[in-house]
Amino acid sequence: MKFVCSECGDCCRDFGHGPGLNLFYWEAKMFEEYYPFPVLYDKKNKQTIALFWNSRINNCPLLNKNKCIKYEDRPLVCKAFPLLNSGLISGKDFSFSLGCSQEKLLEKIAKKINSEKDENKRIEIMKEAFDDTFLALLQLELTRNFIYRELEKMEDKGLIKIDDSLNKISENIVDVFDLMLKTGHISKDKLKEIIDNIQNLKDARNYLNKKT
Ligand code: SF4
Ligand code: SF4
């Protein structure tokens, strides 16, 4: 069973009804306005850490006649749409976004995936049904995990101190990847490698290679 996008463009419109696009800082620059979301407050350095950025748009300006004008370089969250959860990282069921007009087909595929007990077989079904969209979702999930893991490491090193009760936007806002660099947690070359791995879905490919 294969997912076929009808190219209706619905997922690029009316973000006012949903959470919008969650972007990495290098992706947010494709848009005129964006704000940090979600954030954490670092009380050691009195700064807000932006884990992601959200574009202030309702209808994506990059959509032209139902086609994305930046299709090859579109944000990872767009590459992963309409998938929400692979079930591989979080342990929850596979799930998809209700905002996709191919809902009926997605429901059938989801049923097939979630009724399969064997993880490798689930992976094969997801690969077959979604191809690179599945890889993009996996990359997104692995990157989210990576961000939280590195924040913990930075905290252990005493570089930051997260205040769990205070997720406020302060005057000082720093992107989480910039923070890793500025604190010396990672080098410039390492950051380049991390971003390259994310953009080219390398972490997702490596993860699957080890699994299967
Ligand atoms: S960047 Fe492209 S794929 Fe993403 S919402 Fe905009 S038009 Fe759609
Ligand atoms: S809403 Fe679904 S079917 Fe329509 S363009 Fe987006 S992914 Fe494709």
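This report walks through the overall build, the sheets, the cores and the ligand sites of the structure above.

The structure is a predicted model, in which local features need pLDDT of at least 70 and side-chain atom pairs count only at pLDDT 80 or more, while totals for chains, interfaces and linings use all residues. Residues are numbered from 1 along each chain as its sequence is written, and chains are lettered from A and ligands numbered from 1 in the order in which they are written.

## Overall build

Let's start with the whole chain. The protein chain holds eight helices and eleven strands; these are DSSP runs numbered from the N terminus, with helices (H or I) of at least four residues and strands (E) of at least two. Its C-alpha trace spans about 50 × 40 × 35 Å along the principal axes. The radius of gyration is 18 Å, which agrees with the value near 17 Å for a compact globule of 212 residues; this radius is taken over C-alpha atoms, and the globule rule is 2.2 Å times the number of residues to the power 0.38.

Of the 212 residues, 28% are buried. A residue is buried if 20 or more other C-beta atoms lie within 10 Å of its own, exposed if 12 or fewer, and partly exposed in between, with C-beta atoms placed from the backbone. Among contacts with a separation of 6 or more, 68% link residues 24 or more positions apart; a contact means C-beta atoms, placed from the backbone, within 7 Å.

## Two open sheets

Strands of a sheet pair through backbone hydrogen bonds, either parallel or antiparallel. Here two strands pair if DSSP finds at least two bridges between them.

One open sheet has four strands in the order 10-3-4-11, with mixed pairing. Its edges are strand 10 (162–163) and strand 11 (173–175), each pairing on one side only. Strand 3 (residues 39–42) and strand 4 (residues 47–50) run antiparallel and are joined by four bridges, and Val39 stands opposite Ala50 of strand 4.

Another open sheet has three strands in the order 1-5-2, with antiparallel pairing. Strand 1 (22–23) and strand 2 (34–36) are the edges. Two bridges join strand 1 to strand 5 (residues 53–55), and Leu23 has Trp53 as its bridge partner in strand 5.

## Nonpolar cores

A nonpolar core is a set of buried Ala, Val, Leu, Ile, Met, Phe, Trp, Tyr and Cys residues joined through C-beta atoms within 7 Å. The largest has 26 residues, and Leu83 and Phe134 are among those with the most contacts inside it. Helix 2 (76–80), helix 3 (103–115), helix 4 (119–130) and helix 5 (132–156) each give two or more residues to this core, and helix 5 gives the most, with seven. Beyond its neighbours within four places in sequence, Leu83 is in contact with Phe96, Phe130, Thr133, Phe134 and Leu137. A second, separate core of 17 residues includes Tyr41, Ala50, Val174 and Phe177.

## Ligand shells

A residue is near a ligand if its C-beta atom, placed from the backbone, lies within 6 Å of it. Ala, Val, Leu, Ile, Met, Phe, Trp, Tyr, Cys and Pro count as nonpolar, Asp, Glu, Lys and Arg as charged, and the others, Gly among them, as polar.

| Ligand | Shell includes | Shell make-up |
|---|---|---|
| Ligand 1 | Cys12, Cys60, Cys68, Cys78 | seven nonpolar, no polar, two charged residues |
| Ligand 2 | Cys5, Cys8, Cys11, Cys100 | six nonpolar, four polar, two charged residues |

The shell of ligand 1 also includes Lys70 and Arg74, and that of ligand 2 also includes Glu7 and Asp10.

Technical notes
Contact = placed C-beta atoms within 7 Å.
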